[in-house]
Each structure stands twice: as C-alpha cells, then as structure tokens.
Amino acid sequence: MNRYKKHEDILDTLWGNDIAKFPAHLAAINLAINDLAVERNYPNILQEDFFKLRVGEEGFDFESEEWRKARKRTLGLEEFKDICPRWFDAVVGNPPYTRQEEISEISPDDAKYKEGLIKNALYFNNKKLANIGKRAGIHAYFFVHGTKFLKDGGSFGFIVSNYWLNVDYGKGLQEFFLKNYKIIAIIESKVERWFEEADINTCIIILQKCKGKKERDENLIRFVYLKKPLRFFIPPAQDIWEKQIERLNAIDELKKTILAHNNFYENEDLRIFPKKQKELWDEGTDPETGKYTYAKWGKYLRAPDIFFKIFEKGRGKLVSLKQVADVRSGCKTGANEFFYLTEEQIIRYGIEQEFSMHKDEKGNWVPNYVVESPSDIEDYIVDPAKLNKRILLVHLPKEKLKNKKILNYILMGERKGFHNRDTCKQNGQRKNGRWYDLDEITTNLMCPEYTRERLVAFYSKFLVFINNRLYRVYHDAPLVMGGILNSTVFHLIAEVTGPLPGGGGGPKGIRVYDLKSMPIPYYNIEKFGVKIEKCFKNLLKRDVQPIFSELGACFPEEVSLDKVQPDRRELDNLIMGEILGLTDEEQLEVYQAVVDLVKSRIEKAKSFGKKRRTKEGLDIDAVVKIVMEKIGKETLGKFYREQILNQKPLSTKTLPKVSGEVRIEQELYGWRLYYSAKRYLKCNSEEEARYLRVFLDIGMDNVKMPKDAEYMKIILPELESLKAQISDIINSYLESIVNSKIRNRIEHRLWMEIIG
C-alpha cells in the first residue's frame, strides 16, 4: 500500500495465471482500471496451464511468444523488454478442488494430461520433489509446482480442501511441507464454509520456504480455529481508501494475535493451538523405518481438551481398530440397478432361487438380504424383513447358465451396457469377463461411510450383504465390538479424526483406511467384554436416535448426565469410567464435546443459506431475522423440547419428503397420512396422523412421538394451534416474494430455526 509508487511499477511486480480465459481477462481488467491514464498499463496475467509454466536452474522462464507479441503491440513498443522475474517473493492462490480421478478430465483432448501433470509438478531437474498419493486432489500438485517459483524465505498461501489434514493420502503433502517449509499457520473455520460453489470444507495454509532443517524443526506452527465468521476478523474489500486501510489494519491485528501466542490460547472468537514442527514430524514418523507415514493434523484444529485427556488416561488402553478387527468396504457393484432386486423384480424376470438366495448353516434357503444404504436401517439392530432388496450372486460362467432365465437377465444387462462399466470389470472373476460375478461381502457389524446426526454402528444377528456405503467390521465377538463402536467416546474420536467433506446436511465422512486406523477403547476384554455385550444388548432393543436425542441436549450447555438415555449412559459409564478411568466430570466433557462438534458440523454446512443475497437483491438473513422476531420465543422447538422430549417412553418415526398433497384418510384398520398421490404412512389413530402431519409439513426427517396415546390427545390441540399461528406469520411475510424457489428456501430455513 505504497501510494507513492507508480501504478506501472506495481504492475511489474504482480504476475497472475489462470487456465481459463474469462478469469484471466477479468483479473487483467481489474488491475488495469486502477489507473487508465498511464501508458504502461498491461497487467502480467497469463492465460495458461499452470503446470506448463517452466522453472529451471535460473528460475521462471516464460516462453509464450504470443503473449510477448500482444504485450509489445498493446504497449506500442518497438522491442520487447523482458521483465519476467526469475523468482517470486510470494505465491498465493485458490487452486481447484478437483478430485484425483477427475484430473484427466481437465483436458479431455489429451489422454496423457494426468501423466504429464504429475511429471511437470513433481519433478525438478529430473529430481522428484514429493511423493503424492494417487488419491490426492489436484491442489497437492499446485503446492509442489508452485514451490519451484518461490525464493528461499518467500511466502506461500493457499486456500484448499481440508481433506489432507486427516487422511492417509495427505502423507505426501505433510511430508513435503515439513521438509521444505516453516509452516506458519493452518486456519479453519468452525462456523462457515468459505466458498458457496465448492461443496467441501476448506482451510487456509500459510508457509515460508526454508532450506534449514534446524530452523524448520524449531518453528512453531499455529493451528487456528475461527469461532466466528471471517468477516468478523477481516472486513470485505472495498474501493474506498479509508476502508482499504481499515481492512489492512484488521488483517495485521489478526496476524499479530495468531503469532503472539506460543502456548495454547482460546477465547470466544478463536482458538490457537501451537505445535513445534519437529513434534509433528516425530508424530508422523515410523520409529522402526524412520520414514514419514502421516499423522492426523485436524485434531489440533478441532479437538477439545477432553480428547487429549482421553489419550493421556487411555495410554495402553487404546488400539487402532485394524489391530483387533478386520475392516473392509462393502460391495461396489458398479450397477446397483442390475444387482439389487426387489422380490417383485425377481419373480418378474423369473430368476432362479439359487441366485437370489443361499443356504444357511442349517441348510435352509435364505434370501440374499442386502443393506443398500444406512437409511435402510432404523434401529441399532438390522431386521432383514425390513430390507427391500436382494443382491444377485452368480458364480458360474455363461456356458453353465444355458437354459436358465438368469442368462437372459445377464444378456439384458449387457444390452444396457453394464458390462462396459469400469467397476464391473475390476475385481475377482469380473476381470475374467464375468462382470456379473460379485464378491460376497457379508457381516454382522457395519459402520456407515457417512453420518450426520445418527452416530451408529449397526448389528445384525444374521449375516447380511452390504453395499459400499457401509464397512464390514469383523470381530470374533461382534456384540462386544458393537458396544465399543457405539460408545460416545468412539463417536468423539471419529468426529475429531474423520474428514469433513462438507456439503448438504454437514456429513462426516469416514473412509475405510480412516476407520482401520481409528483408535478404540480396547482393554482387558476378557474382564470387560461380557459387561460391554450386556450393555449393547440393551441398546439393541430400541431405534437409533439423533445424537442430540441420545444425549438429551441440542447445545453443550444443556448436557447433564441424567439427561443421557439410560441404556447409553450405562454403556458409556462402563467404557469411559471403568475402562478408561474418566471421572463423571470428564465424561460430561465428552458429551458436551460431541454435541458441540456435531452441531458445528451441521451448522457450518448451512452457513451460506444464512447470509447469501439472491439475484433479486433480497437479504435472506434479514428476512429470517425479522420473521423470527415476530414469532418470538414460543416456537415449536421450545414446545417440542419441553412437552415431548421430556416424556417417556418415546418412539421415533422417520418422515419422508413430501411430493404431493398432504392429507389424512381413514381405512378399515387405521389411518393413512398421505405425502404424495399414492404414498402414505400407516398410523394407529387419527391423533397420531395429525401429530405426524405437523412435522411432515415443516420438512423434518424424523420425529419423536409419545407412546402414551392419552397424553398425545392432550398436547395435540396446542401443538396444531402453535403451528398454525407460526404458519400465518411466515406466510404474511413471504406471500410478496414472487420467486417460488427463493420463497421455499426461506421457508425451509425458518422452520429449521423454529424447530432447532
């Protein structure tokens, strides 16, 4: 911000690049219009593939003759003066969030693009700079290639996906940073995603290139977790000079705050966890081989104090899951519509019994029940009778299928092109042309790949087949392992160490390698196993509830031990108290931490819906605020917590999405609550149908319902009246909004606020 420096001199120090024409031109225009009066006004913005920009022993060597001619023509120069810098003081950017398998799609016309990209990025003067895993996104290659342009002591700042912090394919990137940079800070937000169009969670990483190992080892890394939106710390960029000064000062204040703390620091705005760089290296290094293997860095951003206490007290009592159980992905068919069939479809195609059923240990024919999705299961225990699909298993070559109707079905699949799909040609016999021959993956115990509010590992008395959206956990004592994987302390460990992909609903994603390496409480199982099994059996008697219902609290400050579901409390007290040695106060901290982490994860995913303006200029956040003020404190959420959740016993009802007129009709043996023209929920009484309709109307996924029919009759009129009053207020504010999509979006946001 040197106002005495000439515009053209500033332009000479700035170089930019984008592979796409529009952003490259837009950047050039935005820089040029800062001073249109000067003659030398040609910003150094290149429209080029970043990985084709060359760096040699003597630095950056830009060879675009076309760009040089355009610059010479624009500036009216007789001769082109080469002002291309050899090395840069800083490299900043926001590389694309492209997954590894999509890299080759960037340049569809060049089949070898991915291979060339890797070679250009990872090698310098025929020397390999880093070992980047095959599953890493393209941003990893930007880091490595970008380093070549940077002078020693120069700064590097990127906003990237935060996946590399907690997954094994982040190993190469972590090792590269530790060997080439002082890691100044890694910054993540607890409350918001920073890019609306990118359906993932991101972090900011700030590095300083450093050749000296001792200097790198002694460097103190600051892991910074922002508890408030970024605009609380840094105001948005504006053209007004005074506002620019204000913004720069705010950035400087945040920088000083981060660098001022050499020890753990936390207030209501942010959290700073300093960590010696050498300690991170040691944590991720295999002591036997001396090679860097990787560590989960995300815990230094998100983990509460109790997480580290667990590892202190649990020393010698925690082991990785893979040490005591066999973990693998479920079946990836590549064509679910072909392999997963209903009973009706099996009959229609005349498929023989031997391909949709198998014999159990007693020689009885049993359907090939398959769990296609975690949403297929309501309870902790899987009920095969509630599974609608069967998996097709054909282990014979076609020549042995003659005169069988299954062959006609296979040929029909080939006419639809299923046999040409990559996944249908990968594993086992499928490699030999038997694309229809699946590996059999069955289990008693399974963990979901993605979870939102239901934190659970499912158990089945009988072996069931599972889709790749679940993971098989094989253990000699599945009921014991099921108890451990359903304990709240395991949920805490999974929340902290599992990657957060972002996206709708705020899911927590766990890959199979994450689950394998997840630490679990596993100590003196000969003594505690029987107790764990007994506690888990009690849990199996009921349905799975959202974690907020399991723990009896929606906010950390609401948590108390007596509000936790009794069967869960019994299991947790055994594992956290007797096995890990946590006090009641520390167990309370575990519950508070889980509520806070899940709540933050879900709310962060909604962050853009709360503050974005529509194309019509409508401030959604302001509309919601006004309507909520009009509604006041008597919300459905308050009524639900005070009048319903406090009642015992309760049942849980999963609610579908409405796709038509919602209506109630009586039938011979009960009532039907229609949510589309032909689809309905069966209800035992009119009161139950009316009760469910309230929550179906407002878009809830599941709802707790009093089992006491008389009590429901008492509260129902007040519930319906309250819902009607709130609906009238909402409609009075939204009826003037013409755009139905925007109106529906605001209405959904309001009901989520009202019920929250």
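Which residue in β24 does S329 stand opposite? In this predicted model, local features need pLDDT of at least 70 and side-chain atom pairs count only at pLDDT 80 or more, while totals for chains, interfaces and linings use all residues. Residues are numbered from 1 along each chain as its sequence is written, and side-chain values use heavy atoms, with hydrogens and water left out.

The partner of S329 is Y471 in β24. Strands here, like helices, are DSSP runs numbered from the N terminus (E, at least two residues for a strand; H or I, at least four for a helix). Strand β15 (residues 326-329) runs antiparallel to β24, and four bridges join them; two strands pair if DSSP finds at least two bridges between them. Strand β21 (residues 442-448) is also antiparallel to β24, with three bridges, and here M446 stands opposite R472. As for cover, four of the five residues of β24 (residues 470-474) are buried, meaning under 20% relative accessible area, with exposed being over 50% and partly exposed in between (1.4 Å probe, protein chains only).

Now to helix α9 and the loop after it. I245 sits in α9 (residues 241-259) and counts as partly exposed because its relative accessibility is 30%. N263 has its place in the loop between α9 and β12 (265-266). With a relative accessible area of 61%, N263 is exposed. Leaving aside neighbours within four places in sequence, N263 touches I272 and P274, where contact means heavy atoms within 4.5 Å. G153, by comparison, is 110 residues from N263 in sequence and 25 Å from it in space, C-alpha to C-alpha.
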